[in-house]
Amino acid sequence: MTDEQELAEAQRRHWQRTYAANPGMYGERPSAPAVHAAAAFRAAGARKVLELGAGHGRDALYFAREGFTVQADDFSPTGLEQLRDAAHAQGVAGEVTTAVHDVRDSLPLPDTSVDAVFAHMLLCMALSTKEIHATVAEIRRVLRPGGTFVYTVRHTGDAHHGAGTGHGDGIWEHGGFAVHFFDRALVDALADGWDLDEVHAFEEGDLPRRLWRVTQTLPR
Ligand SMILES: C[S@@+](CC[C@H](N)C(=O)[O-])C[C@H]1O[C@@H](n2cnc3c(N)ncnc32)[C@H](O)[C@@H]1O
């Protein structure tokens with residue numbers, strides 16, 4: 001196994017343990033970026049949303065309650081099990097499908113099959129720059145022309161950037177969580193061939209995590 005594969009496998013185990021020990025850890029309310037994304041998706045006429053790194057589903061379930069059909073993916077079966085239980089409890093199980101999927105693998109979806117993609121704090125996980133580019137290329141493949149992609153990432157202005165164990169390529173591990181801190185050049189590079197609609201700075205949580213919310217659209 002390469003160092004990259006070992007880190008990825010350790011992270012998957014860490015997320016599994018974290019969700020098992022802290023069910024529903026992000027709470028039931030949607031994140032602020034999900035509320036923003038739902039409005040953007042609706043304005044663009046989207047119906048089918050793909051969420052990557054959905055975790056236990058605070059945002060996927062919100063999209064379903066807002067009338068979208070949602071495919072929620074994550075590499076943690078434990079997080080997705082909590083998501084499915086909550087979907088049943090909230091009466092939206094018919095609108096949500098889940099798939100255990102590591103974004104370093106190709107997306108198990110046909111070309112141009114979704115209207116919108118959402119990924120809150122997924123691209124800034126323990127992914128190399130090359131893997132992040134490959135993930136965005138896959139998102140581009142499954143998104144329909146004119147489709148919207150909203151993602152958030154922690155950036156180099158975050159308090160944990162440069163703290164803890166450095167794994168190289170912008171990745172730092174703190175408290176067991178490895179994060180790829182984005183710089184603006186990476187955001188711009190990922191928007192190549194897209195329309196970059198917005199890069200919005202915001203904070204979440206007590207640390208606080210410092211993030212960018214990026215909205216980019218595929219040309220028609
Ligand atoms: C910071 S959490 C955010 C969860 C969710 N988006 C939310 O905000 O409630 C990151 C999520 O990405 C998932 N994840 C990390 N690396 C992944 C990978 N390589 N493939 C798929 N999911 C991954 C984790 O299991 C975790 O659920």
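Helices and strands are taken here as DSSP runs, helices of at least four residues and strands of at least two, numbered from the N terminus. In the predicted model described below, serine 31 lies in the loop that connects helix 1 with helix 2, the latter spanning residues 32–43. Although serine 31 belongs to a loop, the residue is buried, because its relative accessible area is 3% and the cut-off for burial is under 20%. Leaving aside residues up to four places away in sequence, serine 31 is in contact with Arg58, Asp59, Phe118, His120 and Glu204.

Two of these partners, Arg58 and Asp59, are among the buried residues of helix 3. Helix 3 covers residues 58–65, and seven of its eight residues are buried, so the helix is largely enclosed by the rest of the structure. The buried set consists of Arg58, Asp59, Ala60, Leu61, Tyr62, Phe63 and Ala64. Just after helix 3, the backbone at glycine 67 adopts a positive phi of about 100°.

At the level of the whole protein chain, the secondary structure amounts to six helices and ten strands. The radius of gyration is 16 Å, which agrees with the value near 17 Å that a compact globule of 220 residues would have. Along the principal axes, the C-alpha atoms of the protein chain occupy a box of roughly 40 × 40 × 35 Å. Of the 220 residues, 50% count as buried, while the protein chain exposes an area of about 9800 Å², of which carbon and sulfur atoms supply 49%. When contacts between residues at least 6 apart in sequence are considered, 71% of them join residues that are at least 24 apart.

In soluble globular proteins, nonpolar side chains tend to be buried together. In the present model, the largest nonpolar core comprises 37 residues, and those with the most contacts inside it are Leu50, Leu52, Val117, Leu123, Phe149, Tyr151 and Phe182. Two or more residues of this core are contributed by each of helix 1, strand 1 (48–52), strand 4 (114–120), helix 5 (129–142), strand 5 (143–154), helix 6 (184–190) and strand 10 (209–217). A second core, separate from the former, holds 23 residues, including Ala34, Phe63, Ala72 and Val96; of these, Phe63 is also one of the buried residues of helix 3.

Within the surroundings of leucine 123, contacts are made with Ile132, Thr135, Val136, Phe149, Tyr151, Val153 and Phe182, again not counting residues up to four places away in sequence. Tyr151, Val153 and Phe182 also appear among the residues touched by tryptophan 212, which is placed in strand 10. Tryptophan 212 is buried, because its relative accessible area of 15% falls under the 20% cut-off. Beyond four places in sequence, the other contacts of tryptophan 212 are with Thr152, His155, Asp183, Arg184, Val187, Val199, His200, Ala201 and Phe202. For one of these pairs, tryptophan 212 and valine 199, the separation is 13 residues in sequence and 6.2 Å in space between C-alpha atoms.

An open sheet is formed by three strands in the order 6-7-8, with antiparallel pairing. Strand 6 (165–168) and strand 8 (177–180) are the edge strands, each having a single partner strand, so that one side of each remains without a neighbour in the sheet. On average, and with direction ignored, neighbouring strands of this sheet are turned by 25° against each other. Helix 1 (residues 3–21) packs on the sheet and touches strand 6, strand 7 and strand 8, its direction making about 120° with that of strand 8.

The pairing may be followed strand by strand. Strand 6 and strand 7, the latter covering residues 171–174, run antiparallel and are joined by three bridges. Threonine 165 is located opposite glutamate 173 of strand 7, and glycine 168 opposite isoleucine 171 of the strand 7 segment. The hairpin of strand 6 and strand 7 has two residues between the strands, and aspartate 169 takes a positive phi near 55° in this hairpin. Strand 7 and strand 8 are likewise antiparallel, with four bridges between them, and histidine 174 has phenylalanine 177 of strand 8 as its bridge partner. In the hairpin of strand 7 and strand 8, which also has two residues between the strands, a positive phi near 60° is found at glycine 175.

Conventions:
Residues numbered from 1 in each chain as written. Predicted model: local features only at pLDDT ≥ 70, side-chain atom pairs only at ≥ 80, totals over all residues. Heavy atoms only, no water. Pairing = 2+ DSSP bridges. Axes fitted to C-alpha atoms, helices over the stretch in contact; angles between N-to-C directions. Contact = heavy atoms within 4.5 Å. Rg over C-alpha atoms; globule rule 2.2 N^0.38 Å. Buried < 20%, exposed > 50% of the residue type's maximum accessible area, 1.4 Å probe, protein only. Areas by Shrake-Rupley, 256 points an atom, 1.4 Å probe, with all protein chains shown as cover. Core = buried A, V, L, I, M, F, W, Y, C linked by side-chain atoms within 4.5 Å.
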